[in-house]
Amino acid sequence: MNNLAGKTEARSYQICTTCVMDTSDSKITFDERGVCDHCNGFHLRILKNWQPDEHGRRKLDKVVSRIRSAGTGRDYDCILGMSGGVDSSYLTHLAVKELGLRPLVFHVDAGWNSQIAVNNIECITDKLKLDLFTEVIDWDEMRDLQLAFFKGAVPHIDTPQDHAFFATMYRYATANKVKYILTGANYSTECVKNPLEWHYHASDLTQLLDIHRQFGSRPLKHFPTSNILTHKIYFPLMKGLRVVKPLNFMPYLKDEAKALLQREYGWQPYPQKHFESRFTKFYEAYWAPTKFGHDKRRVQFSSLVLTKQMTREEAVEELKKPPFDAERVAEDFDFIARKLGITVDELKALHDLPNKSYRDYKSQQYVFDLGTWFLSAVGVEKRTMR
């Protein structure tokens, strides 16, 4: 199977001379030196405002003081979203051991957890003596929505998981009057963002509902939903909810974090970022590259190259390796198909559908464009690219 209709055919191939982003991102631009807009955006909008040093630590200490104050007399002073991946796992260690916070660890089970992820979450929360709250998403509705995204033939088939994670955590925080959410999002390993055509906004409820309306088969009575206005206006302005990204305020090196987690907690590494979810592993390693020509390792490696945790030469060599294990593809297809309640042949037929994008369905993209422009103008949001 090979369906790369989503790639731009007319444009000659080019790869950035600094990172490994290339023309598989159809909107990428290059300057006269062959440096892409991802790299230039990093230097112009992120690097000069990013302070993972003593200045950043002083800012973080002020935020931590406010978090502690808001949690006075309560069981927890914040909620910490944890997937079992390296970023959220290290953040959990950091929050307790270095920042002295009392987080409630929050996990969303959307039905795709790997056993390694479950073990990693348990070993860290147990050793740190933290309470773990797991929200389990209604599987029948999750499966129906997930299958609808496959039938919609869009690249962003991971949206149902991502939407459920954020909608559930924000809703829980406000319902329990917790004012701060900690996330492992960071510039150090994520300064290059996925192109919009690769990974559309998971918080666009209009698009989620339109795809489900066209291809779903059961009502979403229990599936948690939210939208961009709720995230950006209602929760922060009406409910006083604040999202804090502590890893942006101090040195954070992925390999050092992994070594500490393995040494202190028996944490187990994953072959690739986001592979704590069996669905995301299948989607990023196989579905996206073979159907759409999107190799998300380019984004991940480019971030590490820009933050000097990987050389460009190392990234190029890694990209020569296939993103998936060819010997296990049949096993992965069987697992995903069985979970979705369809046959392997039906799943393969979905792979061969003509590719579509977020533009083929209703969306609130104009709201995102306006919000991004405003937040960038006032200096709240830093982005590496368009």
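**Entry 1, a surface patch.** I began at the surface of this predicted model, where Leu229, Ile233, Tyr234, Leu237 and Met238 make a nonpolar patch of about 530 Å². Patches are made of residues with over 30% relative accessible area and no salt bridge, with like charges joined within 9 Å and nonpolar side chains (Val, Leu, Ile, Met, Phe, Trp, Tyr) within 5 Å; accessible areas come from the Shrake-Rupley method with a 1.4 Å probe, and for residues only the protein chains shown count as cover. I looked up Leu237, which has its place in helix H9 (residues 228–238) and is exposed, with a relative accessible area of 63%. Buried means under 20% relative accessible area, exposed over 50%, and partly exposed in between.

**Entry 2, ground rules.** Residues are numbered from 1 along each chain as its sequence is written, and side-chain values use heavy atoms, with hydrogens and water left out. As the model is predicted, local features need pLDDT of at least 70 and side-chain atom pairs count only at pLDDT 80 or more, while totals for chains, interfaces and linings use all residues.

**Entry 3, strand S2.** I next followed S2 (residues 103–109), which is largely enclosed by the rest of the structure because six of its seven residues are buried. Helices (H or I, at least four residues) and strands (E, at least two) are DSSP runs, numbered from the N terminus. Strand S1 (residues 78–81) runs parallel to S2 and is joined to it by four bridges, two strands being paired if DSSP finds at least two bridges between them. I found Cys78 opposite Pro103 in S2. From S1 the chain crosses through helix H3 (residues 86–97) to S2 in a right-handed β-α-β crossover, meaning that, with the strands pointing away from the viewer, the path from the first strand over the helix to the second runs clockwise. S2 is also joined to strand S3 (residues 132–136) by five bridges, again in parallel, and Phe106 stands opposite Phe133 in S3.

**Entry 4, salt bridges.** Searching the whole structure gave 14 salt bridges, each a side-chain nitrogen of Lys or Arg within 4 Å of a carboxyl oxygen of Asp or Glu. I looked up Arg57, whose closest N and O atoms to Asp61 are 3.0 Å apart in one salt bridge; both residues lie in helix H2 (residues 54–70), four residues apart, about one turn of the helix. Arg57 forms another salt bridge with Glu98, at 3.9 Å between the closest N and O atoms, and this pair links distant parts of the chain, with Glu98 in the loop between H3 and S2, 41 residues apart from Arg57. Salt bridges that share partners thus join Arg57, Asp61 and Glu98 into one network.

Notes
Buried means under 20% relative accessible area, exposed over 50%, partly exposed in between (1.4 Å probe, protein chains only).
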